[in-house]
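The following exercises ask you to read a protein structure step by step. Attempt each task before you turn to its solution.

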Amino acid sequence: MKRKLSRFGVSLEGELLGKFDAFIRAEGYFNRSQAIAGLIRKEFVSNEFSRGGAVAGAVTLVYDHHRREVVNKLLDIQHDHGATIISGQHVHLDHDNCLEIIAVKGPGIKVKTLADRLKAVKGVKHATLSVTSAGK
Ligand code: NI
């Protein structure tokens with residue numbers, strides 16, 4: 001979707017601007033406008049998440065599939081949260097480890113609750129939740 005751009009002026013102390021330009025290079029932004037837009041969106045997503053607004057994201061899990069109780073527990077939890085889960089992808093990483101990527105969408109609090117329950121399962125070696133805005 002093509003959105004109309006608006007221009008506005010920003011005044012910053014020289015030192016802060018220097019740090020900002022270094023940040024822009026480190027993060028790979030093309031210019032200051034793109035970097036400012038990225039920071040604003042990130043802040044809005046974080047606010048939306050903490051207020052329980054709609055977010056979308058992914059829960060990533062790594063676990064040892066030889067521990068059957070881990071697999072069963074993860075499945076039970078996912079069935080309890082069917083409304084929050086959009087889809088899932090299972091990758092057999094190596095002989096022991098499975099990687100599971102679960103796409104999620106819904107109110108921030110529900111997404112967080114699901115991720116926390118999955119992370120808390122004994123036998124899960126690594127778990128992350130990354131969220132972005134639901135696009136609105
Ligand atoms: Ni597997």
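The model is predicted. Its sheet is the topic of the opening exercise.

**Exercise 1. The sheet**

Task: Determine in which order the strands of the open sheet are arranged, and which strands stand at its edges.

Solution.

Step 1. Begin with the pairing of β1 and β3. Strand β1 covers residues 54-64 and strand β3 covers residues 97-107; the two pair in the antiparallel sense over 11 bridges. Within this pairing, L61 stands opposite E100 in β3.

Step 2. Turn to strand β2, residues 85-92. Seven bridges join β2 to β3, and these strands run antiparallel. The connection between β2 and β3 is a hairpin of four residues.

Step 3. Assemble the sheet. The four strands follow the order β2-β3-β1-β4, with antiparallel pairing. The edges are formed by β2 and β4 (124-133); each has a single partner strand, so one side of each lacks a neighbour in the sheet. On average, neighbouring strands of this sheet are turned by 15 degrees against each other, direction ignored.

**Exercise 2. Helices and domains**

Task: State which strands helix α2 lies across and which strands helix α3 touches.

Solution.

Step 1. Helix α2 consists of residues 32-51 and lies across β1 and β4; its direction makes about 110 degrees with that of β4.

Step 2. Helix α3, residues 68-80, packs on the sheet and touches β1, β2, β3 and β4. The angle between the directions of α3 and β1 is about 165 degrees.

Step 3. Place the domains. The protein chain is divided into domain 1 (14-50) and domain 2 (54-133). Between the C-alpha centres of domain 1 and domain 2 there are 30 Å.

**Exercise 3. The nickel site**

Task: Identify the protein donors of the nickel ion, and decide whether H92 is buried or exposed and whether C98 is buried or exposed.

Solution.

Step 1. The protein donors are H90 through NE2, H92 through ND1 and C98 through SG, at 2.1 to 2.4 Å from the nickel ion. Along the sequence, the spacing of the donor residues is H-x1-H-x5-C.

Step 2. Locate the donors in the strand pairing. The bridge partner of H90 in β3 is E100. H92 stands opposite C98 in β3.

Step 3. Apply the accessibility limits. The relative accessible area of H92 is 62%; since exposed means over 50%, H92 is exposed. C98 has a relative accessibility of 2%; since buried means under 20%, C98 counts as buried.

**Exercise 4. Aromatic rings**

Task: Find how many aromatic pairs there are, and classify each by its geometry.

Solution.

Step 1. Recall what is needed to describe such a pair. A pair of aromatic rings is characterised by the distance of the centres and the angle of the planes.

Step 2. The count comes to two aromatic pairs. One is formed by F20 and F23, with 6.2 Å from centre to centre and 15 degrees between the planes. Planes under 30 degrees apart count as stacked, and this pair is therefore stacked.

Step 3. Consider the sequence positions. F20 and F23 are three residues apart in helix α1 (residues 14-27), so about one helical turn separates them. F20 is buried at a relative accessible area of 14%, whereas F23 is partly exposed at 27%.

Step 4. The other pair consists of F23 and Y29, whose ring centres lie 6.1 Å apart; the planes make an angle of 40 degrees, so the pair is tilted. Y29 counts as partly exposed, with a relative accessibility of 25%. Together, F20, F23 and Y29 form one aromatic cluster.

**Exercise 5. Two individual residues**

Task: For S87 and H81, state where each residue lies and which residues distant in sequence each is in contact with.

Solution.

Step 1. S87 lies in strand β2 and counts as partly exposed at 40% relative accessibility. Apart from neighbours within four places in sequence, S87 is in contact with I101, I102 and A103.

Step 2. Compare S87 with N31. These residues are 56 residues apart along the chain, and their C-alpha atoms are separated by 35 Å.

Step 3. H81 is placed in the loop between α3 and β2. H81 is buried, its relative accessible area being 13%. Apart from neighbours within four places in sequence, H81 is in contact with T113, L114 and R117.

Notes. Residues numbered from 1 in each chain as written. Predicted model: local features only at pLDDT ≥ 70, side-chain atom pairs only at ≥ 80, totals over all residues. Heavy atoms only, no water. Donors = N, O, S within 2.8 Å, 3.2 Å for Na, K, Ca; no water. Buried < 20%, exposed > 50% of the residue type's maximum accessible area, 1.4 Å probe, protein only. Pairing = 2+ DSSP bridges. Phe/Tyr/Trp six-rings, centres within 6.5 Å; stacked < 30°, edge-to-face > 60°. Domains from an automatic or database assignment. Axes fitted to C-alpha atoms, helices over the stretch in contact; angles between N-to-C directions. Contact = heavy atoms within 4.5 Å.
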